[in-house]
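Here are a few short exercises to work through with the model open beside you. Each task is followed by a solution in steps.

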Amino acid sequence: EDGKTKALILNTPHNPTGKVFTYEELESIVELCIRNDVYIITDEIYEHMTYPDENENENNNNNNNSYREHILIPKAFPQAAALTLVCNSIGKSASATGWRLGWCLT
């Protein structure tokens with residue numbers, strides 16, 4: 001909270017760890033960014049991929065087919081839309097890894 005931070009780069013799932021942030025974790029990050037007037041730059045390259053919900057699987061002996069949906073910050077937290085830059089690419093989701101075509105929307 002020193003006022004020096006201007007932006008946070010956020011990617012979920014996190015590369016290289018594979019960490020998928022929960023709604024509650026993202027809510028905390030968004031609240032901190034709003035309170036400190038920090039831009040959120042999101043990496044949405046994996047938005048169309050789903051991942052097993054680890055908490056659900058732990059509670060059901062790993063037999064549950066529950067998947068965690070991707071959370072798009074400006075959609076889930078409209079109060080943060082003005083501070084969010086959404087970056088994406090077709091490289092991964094379209095299996096066009098040789099192509100470097102991307103965009104960033106505010």
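**Exercise 1. Find the contacts of threonine 42, then place the residue in the fold.**

Step 1. Setting aside neighbours within four places in sequence, threonine 42 is in contact with Leu10, Ile73, Thr84, Leu85, Val86 and Cys87. Keep in mind that this is a predicted model.

Step 2. Threonine 42 belongs to strand β2, which covers residues 39-43.

Step 3. Is threonine 42 buried or exposed? Its relative accessibility is 2%, and buried means under 20%, so threonine 42 counts as buried.

**Exercise 2. Follow one of those contacts, Thr84, and describe its surroundings.**

Step 1. Threonine 84 sits in strand β5, residues 84-89.

Step 2. Threonine 84 and threonine 42 are separated by 42 residues in sequence, yet their C-alpha atoms are 7.3 Å apart in space.

Step 3. Beyond four places in sequence, threonine 84 touches Ile40, Thr42, Ile73, Pro74, Leu105 and Thr106.

Step 4. Which backbone oxygen does the side chain of threonine 84 reach? The partner is alanine 80, at 2.7 Å.

Step 5. With a relative accessible area of 2%, threonine 84 is under the 20% cut-off and therefore buried.

**Exercise 3. Look for empty space, and work out what lines the second largest cavity.**

Step 1. How many cavities of 30 Å³ or more are there? The count is two.

Step 2. The second largest cavity holds about 40 Å³ of space.

Step 3. Its lining consists of Leu10, Thr12, Leu26, Thr42, Asp43, Glu44, His70, Ile71 and Ile73. Thr42 from the first exercise is thus back, as one of the lining residues.

Step 4. Sorted by type, the lining of the second largest cavity has four nonpolar, three polar and two charged residues.

**Exercise 4. Identify the largest nonpolar core and the element that gives most to it.**

Step 1. The largest nonpolar core has 12 residues, including Leu10, Leu26, Ile71 and Ile73. The others are Phe21, Ile29, Val30, Cys33, Val38, Ile40, Phe77 and Ala80.

Step 2. Helix α1, residues 23-35, provides the largest share of this core, with four residues.

Step 3. Take one core member, valine 38: leaving out neighbours within four places, its contacts are Thr5, Lys6, Ala7, Leu8, Cys33 and Leu83.

**Exercise 5. Examine aspartate 37.**

Step 1. Aspartate 37 lies in the loop between α1 and β2.

Step 2. The phi angle of aspartate 37 is near 55 degrees, a positive value in a residue other than glycine.

Step 3. Buried or exposed? Aspartate 37 has a relative accessible area of 55%, and the cut-off is over 50%, so aspartate 37 is exposed.

Technical notes: Residues are numbered from 1 along each chain as its sequence is written. This is a predicted model: local features need pLDDT of at least 70, side-chain atom pairs count only at pLDDT 80 or more; totals for chains, interfaces and linings use all residues. Side-chain values use heavy atoms; hydrogens and water are left out. Helices (H or I, at least four residues) and strands (E, at least two) are DSSP runs, numbered from the N terminus. Buried means under 20% relative accessible area, exposed over 50%, partly exposed in between (1.4 Å probe, protein chains only). Contact means heavy atoms within 4.5 Å. A polar contact is a pair of N or O atoms within 3.5 Å; within protein, one must be able to donate a hydrogen and the other to accept it, and residues adjacent in sequence count only if both atoms are side-chain atoms. On a 1 Å grid over the protein atoms alone, a cavity is a set of points where a 1.4 Å probe fits but cannot get out, and a pocket is an open set with protein on both sides within 12 Å along at least five of seven lines; lining residues have an atom within 4 Å of a point. Grid points are joined across faces, edges and corners, and a volume is the space filled by probe spheres set on the points. Ala, Val, Leu, Ile, Met, Phe, Trp, Tyr, Cys and Pro count as nonpolar, Asp, Glu, Lys and Arg as charged, and the others, Gly among them, as polar. A nonpolar core is a set of buried Ala, Val, Leu, Ile, Met, Phe, Trp, Tyr and Cys residues joined through side-chain atoms within 4.5 Å.
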